Protein chains: 2
Amino acid sequence: MNTELSPKAAEIIAHTRSLLEAGSYNSFSYADISARVHISKASIHHHFPSKAELVRVVVARYRIEARAGMAVLNQQLADPLDALKAYVNYWSKCIKDGTSSFCICALLAAEMPTIPEEVAAEVQGHFEDLSTWLTSIFAKGVAEGKFHLKDSPAIEARGFMASVHGAMLAARGFGDPQAFETLAQLSINRLTLAN
Amino acid sequence: MNTELSPKAAEIIAHTRSLLEAGSYNSFSYADISARVHISKASIHHHFPSKAELVRVVVARYRIEARAGMAVLNQQLADPLDALKAYVNYWSKCIKDGTSSFCICALLAAEMPTIPEEVAAEVQGHFEDLSTWLTSIFAKGVAEGKFHLKDSPAIEARGFMASVHGAMLAARGFGDPQAFETLAQLSINRLTLAN
DNA sequence: GTGTTTTAATCTACTAGTAGGTAGATTAAC
DNA sequence: GTTAATCTACCTACTAGTAGATTAAAACAC
């Protein structure tokens, strides 16, 4: 599979991702992308035959980026707590500086019953990628005696993931971007401090 | 303010809520409601002048229901842990029997930047209602020596709320409705068990 | 109580605008 | 001279919303 993209295709993907991030699958149109990329709607169709395919590619590339990020954390941070802190800090920074304000897979997961199948499959794939990685980190933390968990690493990892996604939702729901960091930090603190 | 509704208006609201629940603000149209309620699109406009107003009313009534639910829990369950368990069980049951599969305010919060202002204000109102109630329950749990928290009741309450919303997201993301109960239970267990 | 007037609820028919997508020609690159 | 990228012009279906007529039930007058 070729992952190389023409500059315009890359631009289309970048803008689609940020439009998606702001709302939902149905909250933006080819006209919106057209206006931002300065290209006709027909030209977008030349690069991506349909909206479902465009969004599918956006999510597929998002997954590649995410997996690469997890691999980097695995390589650079031997300590499982440091890895989780780095993961959370990545999002804190993105939300703070406006790089990105929400995980597009979390957004799309919310509207799963109404999005095209091929997009839904990629979204579920990301949920599995992320929970698998978090499970391995949690298992490591337990094995090294660093984490004190009440349930299995797999369940705790999914719970952690849910808390992080919920923190993003809270930041938007309360209209307070800072809420993400505050709540994500809480999930981090719970891992080691015995009470 | 009159909260009485004609039967058709009530039907319109009920179907709008379930359509909203499945996806997003932009994932359904007046035509969808029209087909379900067996009424013309123009008649929907007679009851609710605009889509923004219709959804605003749906959310406003959802908030009334939610506040009534919290009041009932306050009256019937003196123990704060029982109250939280009842709150979580309410959603577990709804998700299991198909009554409701997602909090519409959590759904709308995800797409906050793209929904009409008046709807966003109601959504934020619900986030505040719910976190205020949860904070009072958490404070009670601490005062009675039943909960062992690492942070303030206000922060822990928001963290709990985020976990519950994240659990709903996980159920959809993994395509596994059971995931909600599993993850929500985890949040409940954390409140009392010392580790 | 009957006749009259309002009001609410519904309809068909329509509007302007937008959705995603296509046809076919033109231009630029290799 | 083929291929990729772009354009204008267009299509059909659908979007929220409106106009104006019709029906049926209340509300009021006498």
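In this predicted model, a base nitrogen of DNA strand C sits 3.4 Å from an N or O atom in the side chain of His45(A). Phosphate oxygens of DNA strand C also have partners, this time in chain B. A polar side-chain atom of His47(B) lies 2.5 Å from one phosphate oxygen. For His46(B), the distance from a polar side-chain atom to a phosphate oxygen is 3.4 Å.

**Around strand C**

DNA strand C has 17 residues around it. The nearest are Tyr30(A), Lys51(A), Ser40(B), Ser43(B) and His47(B). Of the strand C atoms that come within 4 Å of the protein, 58% belong to sugar and phosphate. Both chains contribute helices. α2 (30-37) and α3 (41-47) of chain A, and α3 (41-47) of chain B, each supply at least two residues of the surface near the strand. α3(B) has the largest share, four residues. By class, this surface holds six nonpolar, eight polar and three charged residues.

**Around strand D**

DNA strand D is surrounded by 17 residues. Ser40(A), Ser43(A), His47(A), Tyr30(B) and Lys51(B) are the closest. Sugar and phosphate make up 60% of the strand D atoms that come within 4 Å of the protein. α3 of chain A, with α2 (30-37) and α3 of chain B, each give at least two residues to the surface near DNA strand D. α3(A) gives the most, four residues. The class count is six nonpolar, eight polar and three charged.

Polar contacts to phosphate oxygens of DNA strand D are listed here.

| Residue | Atom on the protein side | Distance to a phosphate oxygen of DNA strand D |
|---|---|---|
| Ser43(A) | polar side-chain atom | 2.7 Å |
| Tyr30(B) | polar backbone atom | 2.8 Å |
| His46(A) | side-chain N or O atom | 3.4 Å |

**Helix packing in chain A**

Helix α5 (residues 80-97) and helix α7 (residues 117-143) of chain A cross at roughly 145°. Their axes come within 8 Å. From α5(A), the contact uses Pro80(A), Ala83(A), Leu84(A) and Tyr87(A). They meet Leu130(A), Trp133(A), Leu134(A), Ile137(A), Phe138(A), Lys140(A) and Gly141(A) in α7(A). The contact residues divide into nine nonpolar, one polar and one charged.

**Confidence**

Chain A averages a pLDDT of 93. In that chain, 96% of the residues score at least 70. Among its elements, helix α8 (residues 153-173) has the highest mean pLDDT, 98. The lowest mean, 91, belongs to α3(A). That helix is also the one that gives the most to the surface near DNA strand D.

Key: Residues numbered from 1 in each chain as written. Chains lettered and ligands numbered in written order. Predicted model: local features only at pLDDT ≥ 70, side-chain atom pairs only at ≥ 80, totals over all residues. Heavy atoms only, no water. Near = heavy atom within 4 Å. Polar contact = N/O pair within 3.5 Å; in protein donor to acceptor, adjacent residues only side chain to side chain. Nonpolar A, V, L, I, M, F, W, Y, C, P; charged D, E, K, R; others polar. pLDDT = per-residue confidence, 0-100. Axes fitted to C-alpha atoms, helices over the stretch in contact; angles between N-to-C directions. Contact = heavy atoms within 4.5 Å.
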